[in-house]
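User: I'd like to go through this one piece by piece. Can we do it as a quick back-and-forth?

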Amino acid sequence: MWKYFDDADILIAHNGDSFDIKKCYDRFSYWGMKPPSPFKRIDTLKIAKKHFKFTSNKLNDLGEHLGLGKKVRTGGFDLWEACMNGDMKAWRLMKKYNAQDVRLLEKIYEKFLPFMENHPAAKMKPKTDEECDNCGEHYIVRRGFQWMGGKKYQRTQCQSCGHWQTRPL
């Protein structure tokens, strides 16, 4: 995991800021490892809470509600216990469970992308006026103007992901 963290420019997780990343850092520290190189974080749980009012913000519930899929059923702690005891059938199910979690997270991230402000990728590569700050696509349509701080800005919307942005004139 340390290598994945160290290689990452952006780490995307659901509840990663409060659980996964801290849990990994716990293990890194325990094993005497140094911190991985800095990376940006996107936590889809925080995005769900900030921008929406879903009945539940759990990954599985979001996936089902948004029609994106659902998590693999595992039976709970029994699967973890079987894995710890070396049960190869349990390990195959755990692998299937984790792979589906990643696919579901990716779909939710893509669904939330237009609603994200200050997406870290926008700061990591140069943009042109015809390029979306979020997805990088070039299908930008001008949609009026916005005044901020006494200056006039062009308001645009990406026709690929739907993200709104402003550009100085």
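What follows is a set of questions and answers about the helices, strands, cores and salt bridges.

User: What should I know about the model and the numbering before we start?
Analyst: This is a predicted model, where local features need pLDDT of at least 70, side-chain atom pairs count only at pLDDT 80 or more, and totals for chains, interfaces and linings use all residues. Side-chain values use heavy atoms, with hydrogens and water left out, and residues are numbered along each chain as its sequence is written, starting from 1.

User: Which helix supplies the largest share of the largest nonpolar core?
Analyst: A nonpolar core here is a set of buried Ala, Val, Leu, Ile, Met, Phe, Trp, Tyr and Cys residues joined through side-chain atoms within 4.5 Å. Buried means under 20% relative accessible area, exposed over 50%, and partly exposed in between (1.4 Å probe, protein chains only). The largest core has 13 residues, with Leu62, Ile108, Phe112 and Met116 touching the most other members. Helices H3 (44-51), H4 (59-65) and H6 (88-112) each supply at least two of its residues, and the largest share, four residues, comes from H6.

User: How are those helices and the strands assigned, and what does Met116 contact?
Analyst: Helices (H or I, at least four residues) and strands (E, at least two) are DSSP runs, numbered from the N terminus. Contact means heavy atoms within 4.5 Å. Leaving aside neighbours within four places in sequence, Met116 is in contact with Ile42, Ile47, Tyr109, Asn134 and His163.

User: How many residues are in the second, separate core?
Analyst: Among its members are Leu11, Ile21, Cys24 and Phe28. The count for this second core is eight residues.

User: How far does H6 reach from its first C-alpha to its last?
Analyst: The expected span of a helix is 1.5 Å times one less than its number of residues. H6 has 25 residues, and its reach is close to the expected 36 Å. From first C-alpha to last, H6 covers 36 Å.

User: What covers the buried residues of H6?
Analyst: The buried residues of H6 include Ala90, Met94, Tyr97, Gln100 and Leu104. An α-helix has 3.6 residues a turn, so residues three or four places apart point the same way. The cover over the buried residues of H6 includes strand E1 (10-13), strand E2 (40-43), H3, H4 and helix H5 (77-84).

User: Which residue in the turn between E3 and E4 has a positive phi?
Analyst: Two strands pair if DSSP finds at least two bridges between them. E3 (residues 140-148) and E4 (residues 151-158) run antiparallel and are joined by seven bridges, with Met148 partnered by Lys151 in E4. The two strands form a hairpin with two residues between them, and the turn residue with a positive phi of about 55 degrees is Gly149.

User: Which residue takes a positive phi in the hairpin of E4 and E5?
Analyst: E4 also runs antiparallel to E5 (residues 164-168), with five bridges joining them. Gln154 stands opposite Arg167 in E5. Five residues lie between the strands of this hairpin, and the one with a positive phi near 90 degrees is Gly162.

User: Is Gln165 buried or exposed?
Analyst: Gln165 lies in strand E5. Leaving aside neighbours within four places in sequence, its contacts include Glu131, Cys132, Ile140 and Gln154. At 4% relative accessibility, Gln165 counts as buried.

User: Which residues are joined into one network by salt bridges that share partners?
Analyst: A salt bridge is a side-chain nitrogen of Lys or Arg within 4 Å of a carboxyl oxygen of Asp or Glu, and the structure holds five. Asp17 pairs with Arg41 (3.6 Å, N to O); Asp17 is in helix H2 (residues 16-30) and Arg41 in strand E2, so this bridge ties together parts 24 residues apart in sequence. Asp17 also meets Lys46 at 2.8 Å, N to O. Through shared partners, the network joins Asp17, Arg41 and Lys46.

User: What is the relative accessible area of Lys71, the salt-bridge partner of Asp101?
Analyst: The closest N and O atoms of Asp101 and Lys71 are 3.0 Å apart. Asp101 sits in helix H6 and Lys71 in the loop between H4 and H5, 30 residues apart. Asp101 counts as buried at 17% relative accessibility, whereas Lys71 is partly exposed, with a relative accessible area of 23%.
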